[in-house]
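Trainee: I would like a close look at a single part of this protein. Please take one helix and go through it residue by residue where there is something to say.

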Amino acid sequence: GRCDDTSAGGGEDVLSYTCTDAEAVDACVKFALDHRMLVEPACGAALAPIYSERLRGRLLEELSGMRQSSSGDGDRGSSAIVVEVCGGGGGSGGV
């Protein structure tokens with residue numbers, strides 16, 4: 001859903017989702033393969049909407065709806081997806 005929290009970036013739209021543990025871990029593995037960087041499953045939850053087909057579909061659908069509803073708002077028609085990647089101090093390559 002959308003959240004209008006002015007402390008999170010000046011009232012811009014923020015989309016949040018709930019993922020399964022499996023989607024979070026799968027996102028960690030895919031991120032490690034793509035970027036050669038290990039992150040913890042808590043970070044994988046932030047990455048899941050990018051790597052999970054189920055969540056990515058929801059994300060793109062909502063972004064498409066936001067673009068259509070704001071077609072007269074100048075730059076609002078071009079949305080950026082920002083994912084903060086952090087955490088990795090608790091991970092290791094020896095699995």
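Mentor: What follows is a look at helix α1 and its surroundings in a predicted model. For orientation, the protein has 3 helices and 2 strands, and their order along the sequence is β-β-α-α-α. Of its 95 residues, 21% are buried.

Helix α1 spans residues 21-35 and contains glutamate 23. Glutamate 23 has a relative accessible area of 14%, so it counts as buried, the cut-off being under 20%. Its side chain reaches back to threonine 20, where the backbone nitrogen lies at 2.9 Å. Setting aside neighbours within four places in sequence, glutamate 23 is in contact with Ala48, Ser52, Arg54 and Leu55.

One of these partners, Ala48, belongs to helix α2, residues 41-51. Ala48 is buried there, as are Cys43, Gly44, Leu47, Pro49 and Tyr51. The cover over the buried residues of α2 includes α1 and also α3, residues 53-69.

Valine 29 is also in helix α1, but its setting is another one. With a relative accessible area of 45%, valine 29 is partly exposed. Together with Val25 and Leu33, Val29 forms a nonpolar patch on the surface, and the three have about 290 Å² of accessible area together. The spacing has a plain reason: an α-helix has 3.6 residues a turn, so residues three or four places apart point the same way.

For the protein as a whole, the accessible surface comes to about 6,500 Å², and carbon and sulfur atoms account for 51% of that.

Technical notes. Residues numbered from 1 in each chain as written. Predicted model: local features only at pLDDT ≥ 70, side-chain atom pairs only at ≥ 80, totals over all residues. Heavy atoms only, no water. Helix = DSSP H or I, 4+ residues; strand = E, 2+ residues; numbered from the N terminus. Buried < 20%, exposed > 50% of the residue type's maximum accessible area, 1.4 Å probe, protein only. Polar contact = N/O pair within 3.5 Å; in protein donor to acceptor, adjacent residues only side chain to side chain. Contact = heavy atoms within 4.5 Å. Patch = residues over 30% accessible without salt bridge, like charges linked within 9 Å, V, L, I, M, F, W, Y side chains within 5 Å. Areas by Shrake-Rupley, 256 points an atom, 1.4 Å probe, with all protein chains shown as cover. Salt bridge = Lys/Arg side-chain N within 4 Å of Asp/Glu carboxyl O.
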